[in-house]
Amino acid sequence: MKILLVSWSILPYKGGSSIIVENLARNFGKDELYVFGSRRMQMEDLPARPQNGPEFQYFLSEMSLNGRGQRFFEWFGKARFSGLVKTLTKIIREKKIDYVIGVYPNAPYCRAACLAAKKEGVRFSSYFHNTYVENVAIKNPDAPKIQEEIFKASEYVFVMSKGMEKFYEEKYGLGKFVPLVHTFNEYPDQSIKTGIPGAGKKQYKLVAIGNFNESNLDATRRLVNAIKDNDKYSLSLFTHVPPLLLRNRGVDTNAIIYEGYINPDDVHKRLQEYDIFVLTHGFAGGYGEVEYKTIFPTRTIPFLLAGKPIFAHSPSFSFLNDFLKENGCAEIVETQSEADIIQGLDKIADDEAYQNQLISAGEKTAELFYGPKVVEFLKETLQLSKV
């Protein structure tokens, strides 16, 4: 079987979906998978990829001003949609594709994959990294019709977590929702781990990774405000979001250490410089409640692997919290209290036994995301459904 994986977001685009697709693809051989995604007119250097790995093809569907302001050029992507479908149809024929998987969060690319598969009579499934219709940030009046079309055509609708599966099953009553989790492909170098932070230090170095957008802004701002006058804690951010934009989003950049974008291949090594890893997950904001309930941040995995305690500031209704509690791999503060945030951080910092407990649980939990096992499950699932 040869699969065509269609995702608007692939490297060198920065962001969670690109990393998810890249990590998944690296578990396939050249004859098993072909990856198709978007590019802008000015594209950054491509990542190094194994020669015996899948081919990647890019389609010009984006315009921007140095990577910003894409919303002002939405007309360009719409104008390219019919060409996108034709290109995918041609690939299915020429590459002898047996199966197509369309990835959301980009509805046009996912729908184009669906239409091309239908036109060529090959099997199709979708892979939803986030909710679509339920996201209040989606303003497209055709969204319900598009999602219904994709769901109906899909043998399976793969989702990012058991929480998302549960939500979709309860709402839509379909038996085709299947968790396909984020992946990592190699266990990082154990020899460079710097060990537990220990108790009684004058200062503990915290680090957070992400886009720091509506998915976690309120929680991030609250964390920054909680620690900015507390000498016991400092916070560094690994992010491609410029400091000016962070300030515009309400983050006090004078109270953080800005590290900029860190190459995913370097993250594990850089994380060893810190004492506590921070997950901030939105309580409310520009997304709908369902989004805050179902989002599962990609940065969770490198944190679980890196051998340090994890602190999560996340709402009680989120499936992320259900996961962290089930696996006992993080100290969680579910209230919107700055005092509770400090108390939670102190609980980690002041107790070496608790640090060891969290680290051990995190490393065990990381095994759930090991790429070869996840892809083996995917292959088995698609083969079992074959008519």
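Leu217, Asp218, Ala219, Thr220, Arg222, Leu223, Val224, Ala226 and Ile227 are the buried residues of helix H7 in this predicted model. That makes 9 of the 11 residues in the helix (residues 217–227), so H7 is largely enclosed by the rest of the structure. What do the buried residues of H7 pack against? Four strands and a helix, as listed here:

| Element packed against H7 | Residues |
|---|---|
| Strand S8 | 204–209 |
| Strand S9 | 233–238 |
| Strand S11 | 276–280 |
| Strand S12 | 310–313 |
| Helix H13 | 338–349 |

Now for the sheet. S8, S9, S11 and S12 turn up again among the 6 strands of an open sheet, where the order reads S10-S9-S8-S11-S12-S13 and the pairing is parallel. Out at the edges sit S10 (257–260) and S13 (331–333); each has just a single partner strand, so one side of each has no neighbour in the sheet. Going from one strand to the next, the twist averages 25 degrees. Zooming in on one pair, S11 and S12 run parallel and are joined by 4 bridges. Ile310 in S12 is the bridge partner of Phe277.

Then there's the largest nonpolar core, with 61 residues. Which of them touch the most other members? Those are Leu4, Phe36, Val100, Tyr127 and Phe128. As for secondary structure, helix H4 (residues 107–120) gives the most to this core, chipping in 8 residues.

Phe36 is worth a click in the viewer. Leaving out residues up to four places away in sequence, Phe36 touches Leu4, Leu5, Val6, Ser7 and Ile10, along with Gln57, Phe59, Leu84, Thr87, Leu88, Ile91 and Tyr109.

Key: Residues numbered from 1 in each chain as written. Predicted model: local features only at pLDDT ≥ 70, side-chain atom pairs only at ≥ 80, totals over all residues. Heavy atoms only, no water. Buried < 20%, exposed > 50% of the residue type's maximum accessible area, 1.4 Å probe, protein only. Helix = DSSP H or I, 4+ residues; strand = E, 2+ residues; numbered from the N terminus. Contact = heavy atoms within 4.5 Å. Core = buried A, V, L, I, M, F, W, Y, C linked by side-chain atoms within 4.5 Å. Pairing = 2+ DSSP bridges. Axes fitted to C-alpha atoms, helices over the stretch in contact; angles between N-to-C directions.
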